[in-house]
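Open the model in your viewer and keep the sequence panel visible. The stops below can be selected one after another.

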Amino acid sequence: MSDGTEPIPPESTDTDYEVGQDNVQVMGLDIHNPVFAVSALTIVAFVFFSLVFREEAGEFFGWLRPALTSNFDWVFMIACNIFVLFCLFLIVTPLGSIRLGGAEAKPDYSYMGWFSMLFAAGMGIGLVFWGVAEPISHYGSSLGGIAAEDGLRTDWAPLGAAEGNPEQARDLAMAATIFHWGLHPWAIYAVVALALAFFSFNRGLPLTMRSVFYPIFGEATWGPLGHIIDVLAVFATIFGLATSLGLGATQALAGLNYLFDVPVTDGMKVLLIILITVFALVSVVAGLDKGVKRLSEANMILAALLLLLVLVVGPTMLILSGFFNSLIDYVEQLPSLSNWMGREDTNFMQGWTTFYWAWWISWSPFVGMFIARISRGRTVREFVVCVLLIPTVVGTLWMSVFGGAALDQVMSGTGQALSDAALELKMFTMFEAFPMTGLLSFIGIILVVVFFVTSSDSGSLVIDTITAGGKTNAPTAQRVFWCILEGAIAIVLLLGGGLGALQAAAVATGFPFAIVLMLMCLSIFIGLTREKRGK
């Protein structure tokens, strides 16, 4: 991997811009001017004012999310459909044979190490938090049927619901859940990661978001326009991370309360975020190979263990058959769920789908850059298949095991407590019906915590790269700064409005970046086409 200090090879592009040429060295730091200063000062100011004006912040966040999702849902829906189609296009065309890093490049990591890191960074906390909660929610709303007031639907069921039909409601619930965790989110990640990897490894440009747009904007990429793109990427990354860290802290504390009667208070949530941020700092200081890679691999083993235990102690055959049925249901419902025109289920589309798409987009600079850094040596086709299709199947398996086991309890009439449980407690409540309840819950808590750490440490590495002008070997103190700031924002958002504030922050930062990502698809196509022609 490049150390981020050498000049760009002149044969790669027609620019003479050098990595880090706009950087300034201050008190042992090596930071990009003005991206670091603008990003850091704006975020610190946000933290300060949100803490001082907590009530006003809560009201603002309560207004922001529905305002964006109701007015711009079509932007998110169209954009994410484009990303999926674009990725599938790359798989089947000759552009897929291009190798990231050049024809002679070799992969830096084994498939196991590579896949562990990209999957842990991409969806860790979310899968654990929503694996039980989301299928149960969609099932309940679908079974309840359609409700309307003044000609508008007030229910939260997807599509046409399935009133009074438990089997149909189950199928619809699993299809809707997999839709939110399948092709669309991974296509978002694949677009950003491919763009960064190609323009850095093949064209010699700095590993920052602005480099991706060089084919479109030329030398203007290195000026104010590029500064805006990178600052937006920092904002999207840090608020998207804070959303997931807040969810993770809420669920971990609920589990600790369930097992050890640890009180669920704002103070305990803050303490938990601080403690986990300290663990993340240790991993950040250790670096990518020693810290993040090892932690990600350990987490995948732990996740696989929990998955296997639930599969064995739960309704095994029902879960396995449900996996294939859920995949079929997902494919059948995909066109309807992807459509944004004439939808009557606006609560579902705006409250669930649009939020998810904004959340994934806000995570995309972080996950995309992280995946790019570990993907040298893969062909475009291999890259897209492994980043798009395989995680979709694995995510479906996870949702089928946890969601399937939970739905079995609810449909059999033994899961009323599960239906009534708070979102963050649903997984632990489901475990009550299984042998080894304490062990399953303890593994679940550890998994949330370690996913928390891997998200925070890898996110800090990525933000540091952006704010260091593309350098991947910037001083450790800079990574430490961003890691601490991530924890601070998660605390502020939880105190300033809880889950609603976290979701509002993700949507607000995801919206402008959705436009950026659509331009990115054009830039990738131009870049790959020129590479294929030998230009």
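**A buried pair, then outward**

Select R210 to begin: it is buried, at 1% relative accessible area (buried is under 20%, exposed over 50%, partly exposed in between, with a 1.4 Å probe and protein chains only). This is a predicted model, where local features need pLDDT of at least 70, side-chain atom pairs count only at pLDDT 80 or more, and totals for chains, interfaces and linings use all residues. Residues are numbered from 1 along each chain as its sequence is written, and side-chain values use heavy atoms, leaving out hydrogens and water.

Add D230, which forms a salt bridge with R210, the closest N and O atoms being 2.8 Å apart (a salt bridge puts a side-chain nitrogen of Lys or Arg within 4 Å of a carboxyl oxygen of Asp or Glu). D230 lies in helix α8 and R210 in the loop between α6 (183-202) and α7 (214-217); helices (H or I, at least four residues) and strands (E, at least two) are DSSP runs numbered from the N terminus. D230 is also buried, at 1%.

Now show all of α8: 28 of its 37 residues are buried. Just after α8, D261 has a positive phi, near 60 degrees.

Next, select K471 and D30, whose side chains meet in a salt bridge (2.6 Å, N to O). K471 sits in the loop between α16 (437-467) and α17, D30 in strand β2 (residues 29-32), 441 residues apart. K471 is buried at 13% relative accessibility, and D30 is buried at 11%.

Finish with F53, in the loop between α1 (35-52) and α2 (54-71). F53 is partly exposed, at 41% relative accessibility.
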